[in-house]
Amino acid sequence: LGGEIKDLTVLCADIHNFTTISEEFSAEELTSFINRFMTPMSKLILERNGMIDKYIGDCVMALWNAPLDDPHHARNACQAALDMRNYLVPWNWQLMGEAKEKGKRFIPVQIGVGINTGQCYVGNMGSEQRFDFSAMGDAVNLASRLEQQLKIYGVDILIGEQTYRQAADYAAVEADLIAVKGKYKAVHIFVLVGPPMTRQSARFQELEARHQEMLAAYRARQWAEVRLLLGHCTKLNTHEFGLASLYTLYSERIVKYSSSPPPSDWQGVFDVSRS
């Protein structure tokens, strides 16, 4: 038993609408389905130098930079998440064919991923009778909370600010400034859009610039300007970027704030505990 304080990147991923999907299977079929899901997901994590920390039902938690050092842990975690996203495309086609053969309803499998980077306590934890190598701390908690916020923003991968900074060559845009339970300061969270190739595209760079202008106007309470910039962002957004639901969310917010402005001390922070 024992461990050390170390800078880690933590990934938490699970299946969206798992309860609905599970209703289509018997207990034996559901076990097989989870195994078929976890095996390739785990393989993709391991291929990017991640360590599987634990499985909890349909959720997998993975660590980077422990137990072995990984100077690119944030980038590798981001790439693993994108690999997981990409894997689901052909797998869903396969599942759809199987469902059709069995005369069952097909529900596409979608995952949600939260990634965060920061200092954690990592090592052997538990009791003298039973222990596991794991991590705990604020950075771990935030990764889990990011995964829980995905439905609000309508995206599939959210990353923390330190992950964003350490994987700066990946395509990402800020989603929001949020207040989460257990933290005194609000935290900036980001949508992971795509790999470095996407980040280098002229269309994404133009979208990123308009997106940043939109958030600045939003936090300055310039609702008409926000509406105009949202129009630009929506036109620049593509299926590849996957930000349509995020822009719909901001459109709904400015409609609300235009008629019922936030309090005078508002700084653009969204309190997720009230959502």
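Modeller: A surface patch is built from residues with over 30% relative accessible area and no salt bridge; like charges are joined within 9 Å, and nonpolar side chains (Val, Leu, Ile, Met, Phe, Trp, Tyr) within 5 Å. The accessible areas come from the Shrake-Rupley method with a 1.4 Å probe, and for residues only the protein chains shown count as cover. A salt bridge, in turn, is a side-chain nitrogen of Lys or Arg within 4 Å of a carboxyl oxygen of Asp or Glu. The model is predicted: local features need pLDDT of at least 70, and side-chain atom pairs count only at pLDDT 80 or more, while totals for chains, interfaces and linings use all residues. Residues are numbered from 1 along each chain as its sequence is written, and side-chain values use heavy atoms, with hydrogens and water left out.

Colleague: Which residues make the nonpolar surface patch?

Modeller: Val-89, Trp-93 and Met-96 make the patch, which covers about 330 Å². Val-89 belongs to helix α3, residues 73-102; helices (H or I, at least four residues) and strands (E, at least two) are DSSP runs, numbered from the N terminus. For burial, the classes are buried (under 20% relative accessible area), exposed (over 50%) and partly exposed in between, with a 1.4 Å probe and protein chains only. Val-89 is exposed, since its relative accessible area is 51%.

Colleague: How should one read the two sides of a helix, and which residues of α10 are buried?

Modeller: The general idea is that an α-helix has 3.6 residues a turn, so residues three or four places apart point the same way. In α10 the buried residues are Leu-246, Tyr-247, Leu-249, Tyr-250, Arg-253, Ile-254 and Tyr-257. They lie on the same side of α10 because they cover an arc of only 150 degrees around the axis, the arc being that of the directions from the helix axis to the C-beta atoms. Glu-252, Val-255, Lys-256 and Ser-259, on the other side of α10, are exposed.

Colleague: Against what do the buried residues of α10 pack, and what span should the helix have?

Modeller: The buried residues pack against α5 (150-153), β7 (171-179), β8 (187-194), α8 (202-219), α9 (223-236) and β9 (269-271); contact means heavy atoms within 4.5 Å. As for length, the expected span of a helix is 1.5 Å times one less than its number of residues. The 16 residues of α10 (244-259) should therefore span 22 Å, and the end C-alpha atoms are 23 Å apart, which agrees.

Colleague: How many salt bridges does the structure hold, and what do they join?

Modeller: The structure holds 14 salt bridges. One of them is that of Asp-169 with Arg-75, whose closest N and O atoms are 2.8 Å apart. Asp-169 lies in the loop between α6 (161-166) and β7, and Arg-75 in helix α3, so this pair ties together parts that are 94 residues apart in sequence. Asp-169 is partly exposed at 31%, and Arg-75 is partly exposed at 26%.

Colleague: Which residue forms a salt bridge with Glu-174, and which with Arg-253?

Modeller: Glu-174 pairs with Arg-219, the closest N and O atoms being 2.7 Å apart. With Glu-174 in strand β7 and Arg-219 in helix α8, the pair ties together parts that are 45 residues apart in sequence. Glu-174 is buried, with a relative accessible area of 15%, whereas Arg-219 is partly exposed at 24%. Arg-253 forms a salt bridge with Asp-176, the closest N and O atoms being 2.8 Å apart. This pair links distant parts of the chain, Arg-253 in helix α10 and Asp-176 in strand β7, 77 residues apart. Arg-253 is buried at 8%, and Asp-176 is buried at 0% relative accessibility.

Colleague: Where is there a cis peptide bond, and which residues other than glycine have a positive phi?

Modeller: As background, most residues other than glycine have a negative phi, and most peptide bonds are trans. Here a cis peptide bond joins Ala-66 and Pro-67, with omega about -5 degrees. Pro-67 lies in the loop between β3 (59-64) and α3. Asn-65 lies in the loop between β3 and α3; its phi is near 80 degrees, a positive value, and Asn-65 is buried at 10%. Asn-49 also has a positive phi, near 70 degrees. Asn-49 lies in the loop between α2 (27-47) and β2 (51-56) and is exposed, with a relative accessible area of 52%.
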